[in-house]
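Please open the model in a viewer and keep the selection tool at hand. The tour below proceeds by selections, each followed by a description of what is found there.

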Amino acid sequence: MATNIHFHPGSSTPSERSQYLGQTGATIWLTGLSASGKSTIACALEQHLLHLAKFSYRLDGDNVRFGLNKDLGFDEKSRNENIRRIGEVAKLFTDSGCITLTAFISPYRADRNLARELHAQSSLPFVEVFVDAPLTVVEARDPKGLYKKARAGEIKEFTGISAPYEAPESPEIHIKTDEVDVAEAVRIIVDYIVAKGYITI
Ligand SMILES: Nc1ncnc2c1ncn2[C@@H]1O[C@H](COP(=O)(O)OP(=O)(O)OP(=O)(O)O)[C@@H](O)[C@H]1O
Ligand SMILES: [Mg+2]
C-alpha cells in the first residue's frame with residue numbers, strides 16, 4: 001500500500017467533458033458464460049457506436065489477460081483481482097467520457113458489485129448487461145473448444161462446468177442470446193443508452 005500519495009483533481013469535470021464531447025461516459029458491463037456472446041455483441045456494438053461517431057472502446061477478457069492482467073490465473077482470488085482491475089480501468093475510461101464496453105465472464109456477484117460500487121462512488125454510470133444463454137446452448141456453440149476441454153478435465157475451474165457462475169439478480173439489461181440475434185442485442189443496448197441520455201443519435 002503506497003503512502004504519501006495525494007489525489008490531484010483536474011480542472012475539467014466529467015460534466016464539462018460531456019458537454020464538449022457531446023456524450024456521457026458509461027460503462028456497459030457484459031457478463032455471462034463463456035460463449036454466451038459477450039465479445040460478439042461488444043464488437044458489433046463498438047463498431048456501431050464508432051459509425052455513429054461516438055467515442056467507445058472495448059475491454060475484452062482474453063485481450064486484457066495478454067497485457068495488464070498477464071500475471072493472473074483463473075483461481076477465485078485471481079478472478080477477483082482480474083475484475084477489480086478491469087473495474088478500475090473501465091471507470092477511468094468512463095470518466096474520460098467513453099462508452100466503455102467490458103466483456104468478461106465476471107462470474108462472481110460480489111466482484112461485479114464491487115465494479116458497480118467503484119463507479120457509484122464517482123457518480124459514473126454502470127450498466128450491467130446479462131448476456132444469457134443456457135449451458136446446453138453455449139456448450140453446443142463452443143467456438144473455442146473450451147467446454148470440450150473442460151468436460152475432459154483438461155481445464156480446471158471452468159465457469160459453468162467446474163466453477164460457479166452467479167447470475168445477476170437485477171441487471172439493467174437482460175439479453176437471451178438463444179432468442180435474440182446480435183443485431184437485435186446491439187439495438188437493445190443502444191436504445192437503453194439513448195434513453196438514459198448518454199448518447200444522442
Ligand atoms: N445471438 C447471439 N449473440 C451473440 N453470439 C451468438 C449469438 N448467436 C450465436 N452466437 C455465437 O456464439 C458465439 C459466442 O462467442 P463469444 O466469443 O462472443 O462468447 P463470449 O461470451 O465472449 O465467450 P468468452 O467468455 O469465452 O470470451 C459466437 O460463435 C457467436 O457467433
Ligand atoms: Mg469473449
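Begin with ligand 1 and the residues around it: the largest share of its shell, four residues, is supplied by α2. The model is a predicted one.

**The ligand shell**

Select the shell as a whole; 19 residues surround ligand 1. Which of them are the closest? These are Ser34, Gly37, Lys38, Ser39 and Thr40. Next, colour the shell by class: eight residues are nonpolar, eight are polar and three are charged. Then select helices α2 (38-51) and α8 (182-195), each of which contributes at least two residues to the shell.

**The sheet**

Now hide the ligand and display the strands. In what order do the five strands of the open sheet lie? The order is β2-β3-β1-β4-β5, and the pairing is parallel. At the edges of this sheet are β2 (56-60) and β5 (173-176), each of which pairs on one side only. Viewed along the sheet, neighbouring strands are turned against each other by 20° on average, direction ignored.

**From one edge to the other**

Start at the edge strand β2 and select β3 (residues 99-103) with it. Five bridges link β2 and β3 in the parallel sense. Within this pair, select Asp60, which stands opposite Ala103 in β3.

Proceed to β1 (26-31) and β4 (126-132). These two strands run parallel and are joined by five bridges. To see one of the pairings, select Ile28, whose bridge partner in β4 is Val127.

Remain on β4 and inspect its surroundings. Is this strand mostly covered or mostly open? The strand is mostly covered, with six of its seven residues buried. On its way to the other edge, β4 pairs with β5 in the parallel sense over four bridges. Here Val131 can be selected together with Ile175 of β5, which it stands opposite.

While the strands are displayed, turn on the side chains. In a regular strand, side chains alternate between the two faces of the sheet.

**Helices across the sheet**

Add helix α5 (residues 109-121) to the view. Which strands does α5 lie across? The helix lies across β1 and β4, and runs at about 155° to β4.

Finally, return to α8, already met as a contributor to the shell around ligand 1. This helix lies across β1, β3, β4 and β5, running at about 170° to β5. With ligand 1 displayed again, α8 may be viewed both beside the strands it crosses and as a source of shell residues.

Note on methods:
Residues numbered from 1 in each chain as written. Chains lettered and ligands numbered in written order. Predicted model: local features only at pLDDT ≥ 70, side-chain atom pairs only at ≥ 80, totals over all residues. Near = placed C-beta within 6 Å. Nonpolar A, V, L, I, M, F, W, Y, C, P; charged D, E, K, R; others polar. Pairing = 2+ DSSP bridges. Axes fitted to C-alpha atoms, helices over the stretch in contact; angles between N-to-C directions. Contact = placed C-beta atoms within 7 Å. Buried ≥ 20, exposed ≤ 12 C-beta atoms within 10 Å, placed from the backbone.
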